[in-house]
Amino acid sequence: MRLTVTDLNGRTNQEIKNIYVESTTPTPQFTITPTSKRLKASEFTLDASNSSDIDVINGVDALEYEWLFSTEDINIVSTENDNEKMIVQFNKKGKHKITLRVTDKY
């Protein structure tokens with residue numbers, strides 16, 4: 001950034017300052033809640049609405065959500081707000097790993 005000052009006699013002087021602009025890193029967080037459907041015991045709601053980024057709070061950025069599963073044997077029943085929230089059914093018993101990747105525009 002450059003600031004130039006001119007006095008009444010037409011003399012000028014200037015100063016240059018460097019400005020560094022950075023984006024904050026999003027903080028992913030999610031909850032897993034089993035549905036109350038007795039016939040669908042493997043159905044869960046995944047909710048990432050508690051994820052945060054100060055740039056989003058200030059209104060200058062937006063978050064994108066990507067869910068990664070350790071198995072491909074799932075059914076995605078529904079999604080909301082560009083994958084911020086989803087309902088998923090697991091087709092096999094066992095331990096499943098879920099990873100949430102949250103990114104911003106920057």
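I looked first for nonpolar surface and found that Met1, Ile19 and Val21 form a patch there, with about 380 Å² of accessible area together. I took patches as residues with over 30% relative accessible area and no salt bridge, nonpolar side chains (Val, Leu, Ile, Met, Phe, Trp, Tyr) being joined within 5 Å and like charges within 9 Å; a salt bridge is a side-chain nitrogen of Lys or Arg within 4 Å of a carboxyl oxygen of Asp or Glu. The areas are Shrake-Rupley values with a 1.4 Å probe, only the protein chains shown counting as cover for residues.

The model is predicted, so I note that local features need pLDDT of at least 70 and side-chain atom pairs pLDDT 80 or more, while totals for chains, interfaces and linings use all residues. Residues are numbered from 1 along each chain as its sequence is written, and side-chain values use heavy atoms, without hydrogens and water.

I placed Ile19 in the loop between strand 2 (12–16) and strand 3 (31–34), strands being DSSP runs (E, at least two residues) numbered from the N terminus.

I then traced an open sheet of four strands in the order 3-4-7-6, with antiparallel pairing, where two strands pair if DSSP finds at least two bridges between them. Strand 3 and strand 6 (74–80) stand at the edges with a single partner strand each, so one side of each lacks a neighbour in the sheet.

I followed strand 4 (residues 43–47) to strand 7 (residues 85–90), which it meets over five antiparallel bridges; Phe44 has Val88 as its bridge partner, and Leu46 stands opposite Met86. Strand 3 and strand 4 pair over four bridges, with Thr31 opposite Asp47.
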